[in-house]
Amino acid sequence: MRVSTKGDYATRAMQDLALHYEEGPIQIEEIARRQHLPARYLEQILLSLKRAGFVESKRGMSGGYYLAKPPREITIGAIIRAMEGPIVPIFCVESGPREICIEEPHCSLRDIWADVRDAVAQIVDRTTLEDLCQRFRTKQERQRVSYQI
C-alpha cells in the first residue's frame, strides 16, 4: 500500500492541528509553513477533511481550521481512509464490490496480502493524533538533549 501525497499532507496537517489543539483556529498559511506544504493544495485537503467531519473552520481575522474532535478520538486510519479510500495492498483483498480474479480460489498469495492489509489497518486504526503528538514531542525532546551534549 502506498499513501499518496494527498494522504501524507492530510495526516501532516491533522498532526499540526492536534499539536496546536488548545490554541483555537489555525490559519492555512501557518500550517503550510510549519509543515512545508503548498498552501493552495493544503486548502483543498482541509476542505476534504472538513467534508469528512475531521475539521471545522471559523471565518474572519481570528479564523482558521481546528479539529472537530479531540486528538485522542481521531485515528490515522480514519484520516487515510477518508483521503485515500480502503487500506488495501492489492485489489483482491478489498471488501465489497471488486474485480474478480480467476486465480482467487487457489491463490496462496491472497492470504498474505490479506495479512498485510490487516496488519497495516491494525496499526493505523489504533494510532491516534494524540499518539502522534506524543511521538513528535518525544523526538523533539531527544533532539534537544542531543544538542545540549
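Ile-112 is found in helix α5, which comprises residues 109–126, in what is a predicted model. At a relative accessibility of 47%, Ile-112 counts as partly exposed, and together with Leu-109, Trp-113 and Val-116 it forms a nonpolar patch on the surface, the accessible area of these residues together being about 340 Å².

A contrasting setting is provided by helix α1. The 15 residues of this helix, residues 5–19, should span 21 Å at 1.5 Å a residue, and the C-alpha atoms at its ends are indeed 21 Å apart, in agreement with that expectation. Eleven of the 15 residues of α1 are buried, so the helix is largely enclosed by the rest of the structure. The buried positions include Gly-7, Tyr-9, Ala-10, Met-14, Asp-16 and Leu-19, and the elements that cover the buried residues of α1 include helices α2 (28–35), α3 (39–51), α4 (76–84) and α6 (129–148) as well as strands β1 (55–58) and β2 (64–67).

Asp-16 is buried, with a relative accessible area of 1%, and forms a salt bridge with Arg-34 in which the closest N and O atoms are 2.7 Å apart. This pair links distant parts of the chain, Arg-34 lying in helix α2 and Asp-16 in helix α1, 18 residues apart. Arg-34, in contrast to its buried partner, is partly exposed, with a relative accessible area of 24%. Asp-16 and Arg-34 are further linked with Glu-30 in a network of salt bridges.

Arg-34 is also in contact with His-20, a residue that, leaving aside its neighbours within four places in sequence, is in contact with Ile-26 as well. His-20 is found in the loop between α1 and α2 and is buried, with a relative accessible area of 17%, which falls under the 20% limit. The side chain of His-20 additionally makes a polar contact of 2.9 Å with the side chain of Glu-23.

The count of salt bridges comes to six. Among them, the side chains of Asp-118 and Arg-117 meet at an N to O distance of 2.8 Å; Asp-118 is partly exposed, with a relative accessible area of 42%, and Arg-117 is likewise partly exposed, with 23%. Another salt bridge is formed by Glu-141 with Arg-144, whose closest N and O atoms are 3.7 Å apart. Glu-141 and Arg-144 both lie in helix α6 and are separated by three residues, about one turn of the helix. An α-helix has 3.6 residues a turn, so residues three or four places apart point the same way. Glu-141 is partly exposed at 42% relative accessibility, and Arg-144 is partly exposed with a relative accessible area of 42%.

Conventions:
Residues numbered from 1 in each chain as written. Predicted model: local features only at pLDDT ≥ 70, side-chain atom pairs only at ≥ 80, totals over all residues. Heavy atoms only, no water. Helix = DSSP H or I, 4+ residues; strand = E, 2+ residues; numbered from the N terminus. Expected span 1.5 Å × (residues − 1). Buried < 20%, exposed > 50% of the residue type's maximum accessible area, 1.4 Å probe, protein only. Contact = heavy atoms within 4.5 Å. Polar contact = N/O pair within 3.5 Å; in protein donor to acceptor, adjacent residues only side chain to side chain. Patch = residues over 30% accessible without salt bridge, like charges linked within 9 Å, V, L, I, M, F, W, Y side chains within 5 Å. Areas by Shrake-Rupley, 256 points an atom, 1.4 Å probe, with all protein chains shown as cover. Salt bridge = Lys/Arg side-chain N within 4 Å of Asp/Glu carboxyl O.
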